[in-house]
Amino acid sequence: MKKAIFKNLIAFTICAVLFAGFSSCSKKSSGDPTPSDGRNAKFTVTVTGAPSSAYISFVMVGLTNDPKEGTVWKVNGVVQNSENSVSLGKNNFSGTTKTYVIESIKPLSAISVGVQCLNVENSPYKISYKAEINGEVKNDEKDFTVTQSTDFTHDYTY
């Protein structure tokens, strides 16, 4: 089961990067709501009480108007050099850090986020996900309880 989930996550990430790449290369029409200089993004994710068997994945992909530009994110204040995506998994939340703030350091023309949190045990855990684009809250999911029968799986495009 974990192998199938991992394959799906990799396929999603590749699709998201390709989608973002193609959309950033096309000409913008005058009616396109995306500003030519892009959008700023900030994501806050928290995971608490996850059992060791939990599957946790947060993937943020962002592209600027310059396809050669790869440094677009900072995580908890640390710039991620030459990375246009950030991926957080179970191991990121197993230590003392339970909350991550992922911010764009440059305006982005394409932003895609994939979230999948699953639980195979009878040990519920909580996640929170907040997305802010240009300072406006687009999603704010607080203390969502992940159980065996209730997962948190979403694909967002901003």
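This passage describes a four-stranded sheet, an aromatic cluster, the salt bridges and one buried arginine in a predicted model. Residues are numbered from 1 along each chain as its sequence is written, and side-chain values use heavy atoms, with hydrogens and water left out. Because the model is predicted, local features require a pLDDT of at least 70 and side-chain atom pairs count only at pLDDT 80 or more, whereas totals for chains, interfaces and linings use all residues.

Helices (H or I, at least four residues) and strands (E, at least two) are taken as DSSP runs and numbered from the N terminus, and two strands are said to pair if DSSP finds at least two bridges between them. On this basis an open sheet is formed by four strands in the order β5-β2-β7-β10, with antiparallel pairing. The edges are occupied by β5 (85-89) and β10 (152-157), each of which has a single partner strand, so one side of each is left without a neighbour in the sheet. Neighbouring strands of this sheet are turned against each other by 5° on average, direction ignored, with axes defined as lines fitted to C-alpha atoms, for helices over the stretch in contact, and angles running from 0 to 180 degrees between N-to-C directions.

Strand β2 (residues 55-63) is joined to β7 by nine bridges in the antiparallel sense, with Y55 standing opposite L118 of β7. The antiparallel pairing of β2 with β5 comprises five bridges, and M60 has V86 in β5 as its bridge partner. Strand β7 (residues 110-118) is in turn connected to β10 by six bridges, again antiparallel, and S112 is found opposite T157 in β10.

Accessibility is classified by relative accessible area (buried under 20%, exposed over 50%, partly exposed in between; 1.4 Å probe, protein chains only). Nine of the nine residues of β2 are buried, so this strand is largely enclosed by the rest of the structure. In a regular strand the side chains alternate between the two faces of the sheet. In β2 both faces are covered, with Y55, S57, V59, V61 and L63 buried on one side and I56, F58, M60 and G62 buried on the other.

Eight aromatic pairs are present in the structure (rings of Phe, Tyr and Trp, the last by its six-membered ring, with centres within 6.5 Å; planes under 30 degrees apart are stacked, over 60 edge-to-face and the rest tilted). The rings of Y156 and Y158 are stacked, because their centres lie 5.8 Å apart and their planes meet at 20°. Both residues are buried, Y156 at 14% and Y158 at 16% relative accessibility. Ring pairs link these two tyrosines with F43, W73 and Y129 into a cluster.

Three salt bridges were counted, each being a side-chain nitrogen of Lys or Arg within 4 Å of a carboxyl oxygen of Asp or Glu. In one of them, the closest N and O atoms of K106 and E69 are 2.9 Å apart. K106 lies in the loop between β6 (99-104) and β7 and E69 in the loop between β2 and β3 (73-75), so the pair ties together parts that are 37 residues apart in sequence. K106 is partly exposed at 29%, as is E69 at 23%. K138 and E136 form a salt bridge at 3.5 Å between their closest N and O atoms, and K142 and D140 form one at 3.7 Å.

Finally, R39, in the loop between α1 (2-25) and β1 (41-48), is buried at 10% relative accessibility. The side chain of R39 reaches the backbone oxygen of S109 at 3.3 Å.

Terms used
Polar contact = N/O pair within 3.5 Å; in protein donor to acceptor, adjacent residues only side chain to side chain.
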